[in-house]
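Here is a structure to explore together, one step at a time. Keep the 3D view open and turn it as you read.

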Amino acid sequence: MKILVINAGSSSLKYQLIDLDHSSVIAKGICERIGIPGSMISYKSAKGDKYEKQQDMKNHEDAIAMVLEVLADPEIGVIKNMSEIDAVGHRVLHGGEKLYDPILIDDEVLKAIEDCIPLGPLHNPANLMGIRGCMAVMPGVPMVAVFDTGWGMAMEKSHYMYALPYEAYENYKVRRYGFHGTSHRYVTGRALELLGNPNAKVITCHLGNGSSVSCSKAGKCVDTSMGLTPLEGLPMGTRCGDMDPAIVTYLMERLNLDKKGIDNYLNKKSGVLGISGVSSDFRDLEEAANNGNERAQLALDTFCYKVKKYIGAYAAALGGVDAIVFTAGVGENDRGVREKVLSGLEYLGVDVDFDFNNSCPRGEEVEISKPTSRVKVFVIPTDEEMMIARDTAALTAK
């Protein structure tokens, strides 16, 4: 079964064609600058063929048409024609409280995703463009929406409520939703398999330019660090994370910022970039810190401290923990961050092999805790696209 997975942005469209019979990616790429002069498609197949072409793409429909064209190209393509694609899985950021499980897309679902635009103003419109572009070019092919907020829908009400007047939740659905849900769900599932215990308590650390920590019991989300939007929780590449909400109005007055200005300040200028003044990229921060840049070191220390604090809080919420998982770009690859986060967690029963942590292969599932460690620590590369493909196949097979 071949599933095309689409992750659409406002001017971009990432795609992967996945062969579920062999759990393999047979081709992937990205369309960039959609609707902007200089549009380009890039493509890479599992056979090693690569392709780049600059061609105008007025909209996402044009982008999808180009994707299908290169996938079926007689020389470098991986399918003979579009009929080989059994279904399309779409990553959708926000489904609110109405949409959380993967669902076949119809007009009613499209309307519900539109209704959630106020909750996901940057992502949901782009996701809709990707869906409609596919529907126009691939009529009759089943389309499935997989929601980034779906993971957090298992939380108890007392875990997702904010201490605001109840009407804020009742009338405007202000609550904790959480994001990176497909990633947390994938690596949690793998951790349960590695542990051989479907009822285990697991803390997952999705650390990258966007970062979040989540915890689960028996594969169901108990809590997660992102909130109504992806701004809450850990400090990230450019997002501020947790802070006193009074800072918003204080800075608006001091800096003479309007709503758009403060939104840009907190989302684009803050995080480790804001602290360091160097970069939002952790590789740049570590290089600068190693060269004596104190603010870069402060940014790294602040980030790692907050991750550690969430792990401690979630261990308390779970009543203990069986495994801690690191995933995403920083979690999978930054050995220094993992060491800073894990140092001092011995009281939880964490006993890390720090020598192996510093030498373990990248891009592979590995256990970095010692065999005697009561709490297992894993590095598990995330695969959101494979998760979306499996969800899509399971739903369309019915």
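The paragraphs below visit one residue, three pairs of helices and two hollow spaces. Please keep in mind that this is a predicted model.

Let us begin close to the start of the chain, with lysine 2, which belongs to strand 1 (residues 2-8). Its C-alpha atom lies 5.6 Å from that of isoleucine 18, although 16 residues along the chain separate the two. Leaving aside residues up to four places away in sequence, lysine 2 touches Leu17, Ile18, Ile26, Ile79, Glu84, Ile85, Asp86 and Ala87.

Now move along to helix 1 (residues 60-71) and find helix 3 (residues 124-137), which packs with helix 1 at an angle of about 55 degrees. The axes of this pair are 8 Å apart. An angle between 35 and 65 degrees falls in the oblique range, and helix 1 and helix 3 are therefore oblique to each other. The crossing of helix 1 past helix 3 is right-handed. To see where they meet, pick out His60, Glu61, Ile64, Ala65 and Leu68 on helix 1. Their partners on helix 3 are Ala126, Met129, Gly130, Gly133, Cys134, Ala136 and Val137. Sorted by class, this contact between helix 1 and helix 3 has eight nonpolar residues, three polar and one charged.

Further along the chain, helix 11 (residues 294-318) is a good place to pause, with helix 13 (residues 335-342) as its first partner on our route. The axes of helix 11 and helix 13 come within 8 Å and cross at roughly 50 degrees, which makes helix 11 oblique to helix 13. Here, too, the crossing is described by its hand: helix 11 passes helix 13 in a right-handed way. On the helix 11 side, look for Gln297, Asp301, Phe303, Cys304, Val307, Lys308 and Ile311; on the helix 13 side, look for Val337, Lys340 and Val341. The contact of helix 11 with helix 13 divides into six nonpolar, one polar and three charged residues.

Helix 11 also meets helix 10 (residues 282-290), and the axes of these two come within 8 Å while crossing at roughly 125 degrees. That angle makes helix 10 oblique to helix 11. The crossing of helix 10 past helix 11 is left-handed. From helix 10, the contact draws on Phe282, Leu285, Glu286, Ala288 and Ala289, and from helix 11 it draws on Ala296, Gln297, Ala299, Leu300 and Phe303. By class, the contact of helix 10 with helix 11 holds eight nonpolar residues, one polar and one charged. Gln297 and Phe303 of helix 11 take part in this contact and also in the one with helix 13.

Finally, turn to the spaces within the model. How many cavities of 30 Å³ or more does the structure hold? There is one, and the volume of the largest cavity is about 30 Å³. Its lining is formed by Met161, Tyr162, Leu164, Pro165, Ala168, Tyr169 and Val174. These divide into seven nonpolar residues, no polar and no charged.

The second largest pocket encloses about 300 Å³ of space. Of the 16 residues that line this pocket, Tyr100, Asp101, Gly150, Trp151 and Arg185 lie nearest its centre. Strand 8 (143-147) and strand 11 (220-224) are the elements that give two or more residues to the lining. The lining of this second largest pocket has nine nonpolar, two polar and five charged residues.

Conventions
Residues are numbered from 1 along each chain as its sequence is written. This is a predicted model: local features need pLDDT of at least 70, side-chain atom pairs count only at pLDDT 80 or more; totals for chains, interfaces and linings use all residues. Side-chain values use heavy atoms; hydrogens and water are left out. On a 1 Å grid over the protein atoms alone, a cavity is a set of points where a 1.4 Å probe fits but cannot get out, and a pocket is an open set with protein on both sides within 12 Å along at least five of seven lines; lining residues have an atom within 4 Å of a point. Grid points are joined across faces, edges and corners, and a volume is the space filled by probe spheres set on the points. Ala, Val, Leu, Ile, Met, Phe, Trp, Tyr, Cys and Pro count as nonpolar, Asp, Glu, Lys and Arg as charged, and the others, Gly among them, as polar. Helices (H or I, at least four residues) and strands (E, at least two) are DSSP runs, numbered from the N terminus. Axes are lines fitted to C-alpha atoms, for helices over the stretch in contact, and angles run from 0 to 180 degrees between N-to-C directions. Angles under 35 degrees count as roughly parallel, over 145 as roughly antiparallel, 65 to 115 as roughly perpendicular and the rest as oblique. A crossing is left-handed if the near helix is turned anticlockwise from the far one by less than a right angle, and right-handed if clockwise. Contact means heavy atoms within 4.5 Å.
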